[in-house]
Amino acid sequence: MNLVALREALREAAAAVVVDVDVTWLAYVPDDVDPPCGFVQPDTITYDQAYGRGLVEVRMFVTVVVSRTDDQAAQELLDAFLAGAGAGSVKAAIEAARGAPGELALDGTCHDVHVPSVEAYRWFEVGGTEYLGARWTVRCIGTGS
Amino acid sequence: MPKLVLTNVRAFAGAVDLTGVTNKVEVEASVDAVDVTSFASAGWTELLGGLAETSISAAGFFDPGTNLVTDEDPALFAALGAVGPWSVAPAGAADLALAYLTNALEASYKPIQGAVGDAAKFEAEMKGNTRLARGAVLHPPGTARTANGTGSAIQLGAVPAGKRLFANLHVLSVAGTTPSLTARIESDDSAGFASPTTVLTFNAATAVGGQHASVAGPITDNWFRAAWAISGSSPSFLFLVTAGIA
């Protein structure tokens with residue numbers, strides 16, 4: 001799997017969420033943000049899941065920060081992202097890019113993708129400022145590169 | 001000799017290269033311990049080696065694929081109950097790499113295993129239809145051939161009476177118009193192969209697939225190599241040849 005292409009494909013998939021406000025989606029961790037903003041970063045890479053580098057698992061984080069405060073509007077926006085299904089669901093948006101069995105996922109950048117969990121509510125520091133948000137774990141499997 | 005961490009076990013079943021989907025391969029040869037203890041055994045158990053058997057198990061990640069012959073799931077599902085060649089090279093399938101080979105019945109296939117969220121896995125169990133041979137790769141799988149040729153020579157040793165030279169041919173890819181590959185094993189008494197002798201010949205292969213062949217000893221020559229004749233219009237073959245003595 002190409003990590004650069006995977007980041008971009010994941011950004012594009014997550015950006016398909018529909019909420020009441022405009023959200024900025026980035027493929028890399030920014031120096032500073034104008035929330036709401038989502039960004040992608042690798043967490044762990046587990047090589048050699050199959051012989052001949054036939055399978056690698058890459059765990060990515062998709063982090064969404066919604067506000068510098070935890071007012072109700074910010075919480076409601078975050079709840080929309082946290083839903084397991086629906087137009088605002090980050091999980092649903094990413095997993096919509098899976099493809100059918102036997103097809104590649106995330107614009108052909110990996111074999112399959114799964115969003116098993118999210119950590120919320122949490123405070124994330126970006127550029128020295130803390131923001132309310134959530135972090136999704138995204139498992140991507142594919143051939144080694 | 002250094003120990004080995006398994007990262008690149010190459011397993012081939014018929015026309016299928018299972019390398020990229022397997023994460024566990026076991027090759028086993030066992031012999032029944034037949035008890036022949038008698039009162040004259042001085043208080044100790046006496047054993048004779050009885051019937052021997054071979055088994056191979058492979059496990060890894062389910063690949064639904066589309067090609068019925070070269071993709072994991074359709075190929076292993078179709079091969080259930082059938083006998084076919086298996087070759088396993090523990091540290092890659094480069095020219096003259098160590099390889100174990102046999103002809104085996106696919107006795108069990110579990111195409112789908114796993115809990116929610118797991119990557120789908122498969123398991124296959126094979127029972128040997130003949131001996132397990134320890135030998136080598138005589139032609140590597142990644143080198144395309146378009147014309148007649150010979151492979152590298154390896155000193156496997158002479159084949160004594162009572163033993164056999166076993167060989168597998170795995171044809172992995174075929175291209176061209178009316179392509180045909182006839183592979184064979186040659187022997188000689190020196191690495192230079194000044195006077196090669198053909199000791200076994202596979203059937204002509206015009207499509208992907210696998211073949212197993214053997215010839216009985218004694219064979220006094222102790223050097224062996226693969227050789228092949230290719231015909232057709234713009235033919236191209238990817239194939240693996242393994243051979244060993246058992």
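Here are some questions and answers about this predicted model.

Q: Why is A:Cys110 called buried?
A: The word applies to residues under 20% relative accessible area. A:Cys110 has a relative accessible area of 1%, so the label buried fits.

Q: What makes A:Cys140 count as buried?
A: Its relative accessibility is 0%. The cut-off is under 20%, so A:Cys140 counts as buried too.

Q: Why is there no disulfide between A:Cys140 and A:Cys110?
A: A disulfide is a covalent bond between the sulfur atoms of two cysteines. The rule asks for sulfur atoms within 2.5 Å. The sulfur of A:Cys140 is 4.8 Å from the closest cysteine sulfur, in A:Cys110, and that is too far for a bond.

Q: How many disulfides does the rule find over all chains?
A: The count is zero. A:Cys110, for one, is in no disulfide.

Q: Why is A:Ala85 called exposed?
A: Exposed means over 50% relative accessible area. A:Ala85 has 57%, so it is exposed by that rule.

Q: Where does A:Ala85 lie in chain A?
A: You will find A:Ala85 in the loop between α2 (72–82) and α3 (90–95). From A:Pro36 it is 49 residues apart in sequence, and the two C-alpha atoms are 20 Å apart in space.

Q: What makes the pair A:Gln41 and A:Arg135 a polar contact?
A: Their side chains are joined at 3.3 Å. The limit for such a pair of N or O atoms is within 3.5 Å, so this pair qualifies as a polar contact. A:Gln41 itself sits in strand β2 (residues 37–50) of chain A.

Q: Which residues is A:Gln41 in contact with, leaving aside its neighbours within four places in sequence?
A: They are A:Arg7, A:Val29, A:Met60, A:Phe61, A:Thr63 and A:Arg135.

Q: How do you know that chain B and chain A touch?
A: Contact means heavy atoms within 4.5 Å, and 15 residues of chain B are in contact with 13 residues of chain A. The area buried between the two chains is about 980 Å², with 61% of it given by carbon and sulfur atoms. B:Thr7, B:Phe61 and B:Gly117 supply 39% of the area that chain B buries against chain A, more than any other three residues.

Q: What does the interface of chain B and chain A hold in salt bridges and polar contacts?
A: The rule finds zero salt bridges there, while four residue pairs are in polar contact. Strand β3 (residues 22–35) of chain B gives the most to the side of chain B that touches chain A, with four residues.

Technical notes
Residues are numbered from 1 along each chain as its sequence is written. Chains are lettered from A and ligands numbered from 1 in the order in which they are written. This is a predicted model: local features need pLDDT of at least 70, side-chain atom pairs count only at pLDDT 80 or more; totals for chains, interfaces and linings use all residues. Side-chain values use heavy atoms; hydrogens and water are left out. Helices (H or I, at least four residues) and strands (E, at least two) are DSSP runs, numbered from the N terminus. A polar contact is a pair of N or O atoms within 3.5 Å; within protein, one must be able to donate a hydrogen and the other to accept it, and residues adjacent in sequence count only if both atoms are side-chain atoms. Buried area is the accessible area (1.4 Å probe) that two parts lose on being put together, summed over both. A salt bridge is a side-chain nitrogen of Lys or Arg within 4 Å of a carboxyl oxygen of Asp or Glu. Buried means under 20% relative accessible area, exposed over 50%, partly exposed in between (1.4 Å probe, protein chains only).
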